[in-house]
Amino acid sequence: MSLTVDKSLLNQVLAIAEDAGKAIMTIYQQDDFGVEVKGDNSPLTAADLASHETIVAGLSKLTPDIPILSEESDDIDWPTRQSWTQYWLIDPLDGTKEFIKRNGEFTVNIALVESGEPTLGVVVAPVLETAYLGGKGLGAEKVKDGNSTTISSVTPSQSDVWAVVGSRSHQSPEVADFLTKLPNHEMVAMGSSLKICLVAEGKAHLYPRLGLTSEWDTAAAHAVVLAAGAEMVDAETRLPLRYNQKESILNPFFIAASKELLTADLF
Ligand SMILES: Nc1ncnc2c1ncn2[C@@H]1O[C@H](COP(=O)(O)O)[C@@H](OP(=O)(O)O)[C@H]1O
Ligand SMILES: [Mg+2]
């Protein structure tokens, strides 16, 4: 069965992501949630797992034939993944470090990837009560307090101070070096996929991620930013970021910005 990306599918996926957000909030509100350290040294909480279970149950019911790759069930070999033309790529709790710090800057990410391209994405920030949605041919929107607004990326004019967004918990020397080459700019620190969403809604002009991420960290917000008129490119080749093209699940270093800014050859 092949899925059609439409408004109805987007809303059904939003409902699943919101349910996952509720499961996370039940744990967020507890005085003491346990934190484990995973094999890759990253933190894991009961909230990551509760969100994972909720999303897998919801998507399996919605689309029983479409495979799911989650940060919390990533043990699927490359020959199997390589055969997928359509799959759900999810990060049940992106920004686990921000969750543990209780600063609200974490998200639930659900993306549909088709032939390497993220064609539908939902990013929910449960504490901020905000959702970002986007789909190919559907545009991008932000839903806050039940109100939906259309969002689009913005290109800075020559006199604008560029708003550049970067990770709150994972800085890199490469980003520090990159910033020295930019025109007048200010840096905003933010956790999780919210950085890409800030580019999608025009609150940030540029997000240089010159550090490691995995494909589930970016796919959902990537679909939103594409629908908002921006792009995410490999920082070296400047080609659009693609998914499920290789055995490693790691993304190359990348840059997110409006298409116009990326083609202006200013950095
Ligand atoms: N060295 C590394 N290798 C792979 N992914 C990394 C990484 N350092 C950070 N990340 C990813 O960056 C995400 C957090 O992004 P940010 O720093 O922008 O808030 C983490 O998501 P999780 O919180 O889902 O594990 C983690 O997957
Ligand atoms: Mg993540």
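## Loops, a kinked helix and a shared ligand site

Asn-41 sits in the loop that joins strand E1 (35–37) to strand E2 (43–45). Its phi is near 75 degrees, a positive value in a residue other than glycine. Asn-41 has 6 C-beta neighbours inside 10 Å, so it counts as exposed; the cut-off for that class is 12 or fewer.

This is a predicted model. The mean pLDDT of the protein is 96. 100% of its residues reach 70 or more. For the complex, the predictor gives an ipTM of 0.98 and a pTM of 0.97.

**Positive phi elsewhere**

Arg-238 is not a glycine, yet it has a positive phi of about 65 degrees. Arg-238 belongs to the loop between strand E13 (230–234) and strand E14 (254–258). It has 13 C-beta neighbours inside 10 Å and therefore counts as partly exposed. Gly-229, just after helix H7, also takes a positive phi, of about 95 degrees.

The table lists these residues with their phi values.

| Residue | Location | Phi |
|---|---|---|
| Asn-41 | loop between E1 and E2 | near 75 degrees |
| Arg-238 | loop between E13 and E14 | about 65 degrees |
| Gly-229 | just after H7 | about 95 degrees |

**Helix H7**

Helix H7 covers residues 215–227, 13 residues in total. From its first C-alpha to its last it reaches 18 Å, close to the 18 Å expected at 1.5 Å a residue. H7 nevertheless has a kink of about 30 degrees, centred on Ala-221. How much of H7 is buried? The count is 13 of the 13 residues, so the helix is largely enclosed by the rest of the structure. Here, buried means 20 or more other C-beta atoms within 10 Å.

**Strand E11**

Met-187 is part of strand E11 (residues 185–190). It counts as partly exposed because it has 14 C-beta neighbours inside 10 Å. Met-187 and His-205 are separated by 18 residues in sequence. In space, their C-alpha atoms are 11 Å apart.

**Ligand 1**

Where does ligand 1 lie relative to domain 1 and domain 2? Domain 1 (7–151) and domain 2 (162–263) both give residues to its shell, so ligand 1 lies between them. There are 17 residues around the ligand. Those that come nearest are Thr-96, Ser-167, His-170, Gly-191 and Leu-212. By class, the shell holds 1 nonpolar, 10 polar and 6 charged residues.

Technical notes
Residues numbered from 1 in each chain as written. Chains lettered and ligands numbered in written order. Predicted model: local features only at pLDDT ≥ 70, side-chain atom pairs only at ≥ 80, totals over all residues. Helix = DSSP H or I, 4+ residues; strand = E, 2+ residues; numbered from the N terminus. Expected span 1.5 Å × (residues − 1). Bend = angle between axes of the 7 residues up to and from the residue. pLDDT = per-residue confidence, 0-100. Near = placed C-beta within 6 Å. Nonpolar A, V, L, I, M, F, W, Y, C, P; charged D, E, K, R; others polar. Domains from an automatic or database assignment.
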